[in-house]
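Subject: Structure for your review

Hello,

Please find the structure below, with notes on what was found in it. The notes follow the sequence and the model.

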Amino acid sequence: MDRNLALELVRVTEAAALASARFFGKGDATAADTAAVGAMELAIRGVKITGRIVIGEERKTSASRLCAGDTVGTGEEPEVDVALDPLECIDSVADGQANAISAIALGPRGAFRNFTAPRMDKIAVGRQAADAIDLEASVFDNLVAIAQAKRVYVEDLTVAILDRERHRGLIEEVRRAGARIELLRNGDLAASIAAALPGTGVDALMGIGDTTQGIIAAAALACIGGGFRGRLVPAKGVDRENLPEEYRAVYTQHDLVGGDNVMFAATGVSHSDVLDGVRFRPGGAITHSVVFRGKSGTVRFLKTEHFFDKTPDYS
């Protein structure tokens, strides 16, 4: 895939971020999500690909857009698979909270795994600790291994965890180990990316979150050498002895995302540890984005000024 394609993806996530950020703090999650989907759909039409969405929006009606199975792009080469989330954390945007981003990943056909299970237990870290994590090990052992890989004390680590009742035990284990915790209202995709990059203040993400966000995070981490481990979480009441094999397996980033010719882009909608949110100013706005390219391992941070008296050209 052409290296310039990675930068084209940023225009797609920027469009979704700009549209949804208009609804920041206004209490209307549906409007924010609808705006993001509509803007991303318009922007991706002009990207020179024949894209098949593998991970996308939930198909609720025949009018639903950017759903798995839909085709996007101009219809030109290359033929790619697409994983996207026009707006992760729609409730955070509605309530004026952090960690909302727009994200997209491209890869060769067959690049992305997908599952029907809605939730996944995850650990995400950066390059230094990519080979140190193990979902079969205890929380304490994982934190010791991460600390050793990063050549710091466990007490120096910060672990991002979604603030959910299901994580009460995990939170207590991390505290007993001595690590610091950043509790997230929403946004484990942004936190997974933050854990993979230096200087964000986040050393690891742990806990159960959405499977789709886990696969998109795995795509991002695979591009830059980060580490990811995921295991599908069965529904309550399911007999674990009779679970299908896919629920027993622990997946790495390479199991979930095949090949090194993967690209990832994300734009902040609201502030997170990795990206600032959209900032409106007289006559325009400023967006902050990140682009990863698996083939080269490059990481690009982009600050873009948008002028509203100029009509975007997505052709």
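**Unusual backbone positions**

Leu66 lies in the loop between strand E1 (50-55) and E2; helices (H or I, at least four residues) and strands (E, at least two) are DSSP runs, numbered from the N terminus. This is a predicted model, in which local features need pLDDT of at least 70 and side-chain atom pairs count only at pLDDT 80 or more, while totals for chains, interfaces and linings use all residues. Residues are numbered from 1 along each chain as its sequence is written, and side-chain values use heavy atoms, with hydrogens and water left out.

The phi of Leu66 is near 55°, a positive value in a residue other than glycine. Leu66 is also buried, with a relative accessible area of 3%. Buried here means under 20% relative accessible area, exposed means over 50%, and partly exposed is in between (1.4 Å probe, protein chains only).

Asn99 has a positive phi as well, near 80°. Asn99 sits in the loop between helix H3 (90-95) and strand E4 (101-108), and it is buried at a relative accessible area of 8%. The peptide bond from Glu77 to Pro78 is cis, with omega near 5°. Pro78 belongs to the loop between strand E2 (71-72) and strand E3 (79-88). As background, most residues other than glycine have a negative phi, and most peptide bonds are trans.

**Overall form**

The protein has 9 helices and 14 strands. Its C-alpha atoms fill a box of roughly 55 × 40 × 40 Å, taken along the principal axes. The radius of gyration is 19 Å, which agrees with the value near 20 Å for a compact globule of 315 residues. That radius is taken over C-alpha atoms, and the globule rule is 2.2 Å times the number of residues to the power 0.38.

Buried residues make up 53% of the 315. The protein exposes about 14100 Å², and carbon and sulfur atoms supply 47% of it; accessible areas come from the Shrake-Rupley method with a 1.4 Å probe, and for residues only the protein chains shown count as cover. Of the contacts with a separation of 6 or more, 68% are between residues 24 or more positions apart. Contact means heavy atoms within 4.5 Å.

**The six-stranded sheet**

An open sheet of 6 strands runs in the order E7-E6-E8-E5-E9-E10, with mixed pairing. Its edge strands are E7 (180-184) and E10 (251-252), each of which pairs on one side only. Two strands pair if DSSP finds at least two bridges between them.

Strand E6 (residues 158-162) is joined to E7 by 5 bridges, and the two run parallel. In this pair, Ile161 stands opposite Leu183 of E7. Strand E5 (119-125) runs antiparallel to E8, with 6 bridges, and Lys122 has Gly207 of E8 as its bridge partner. E5 is also antiparallel to strand E9 (residues 227-232), again through 6 bridges, with Ala124 opposite Phe228 in E9. Because 6 of the 7 residues of E5 are buried, E5 is largely enclosed by the rest of the structure.

Two helices lie across this sheet. Helix H4 (residues 139-150) crosses E5, E6 and E8 (204-210), at about 135° to E8. Helix H6 (residues 188-196) lies across E5, E6, E7 and E8, at about 155° to E8. Axes are lines fitted to C-alpha atoms, for helices over the stretch in contact, and angles run from 0 to 180 degrees between N-to-C directions.

**Nonpolar cores**

The largest nonpolar core has 48 residues; Phe112, Ile193, Phe228, Leu256, Phe264 and Phe292 have the most contacts inside it. Helix H7 (residues 211-224) gives the most to this core, with 9 residues. Apart from it lies another core of 37 residues, including Val12, Val37, Cys89 and Val93. A nonpolar core is a set of buried Ala, Val, Leu, Ile, Met, Phe, Trp, Tyr and Cys residues joined through side-chain atoms within 4.5 Å.

Not counting residues up to four places away in sequence, Phe264 touches ten residues named here: Ala103, Ile104, Ala105, Ile193, Ile216, Ala220, Cys223, Val290, Val291 and Phe292.

Regards
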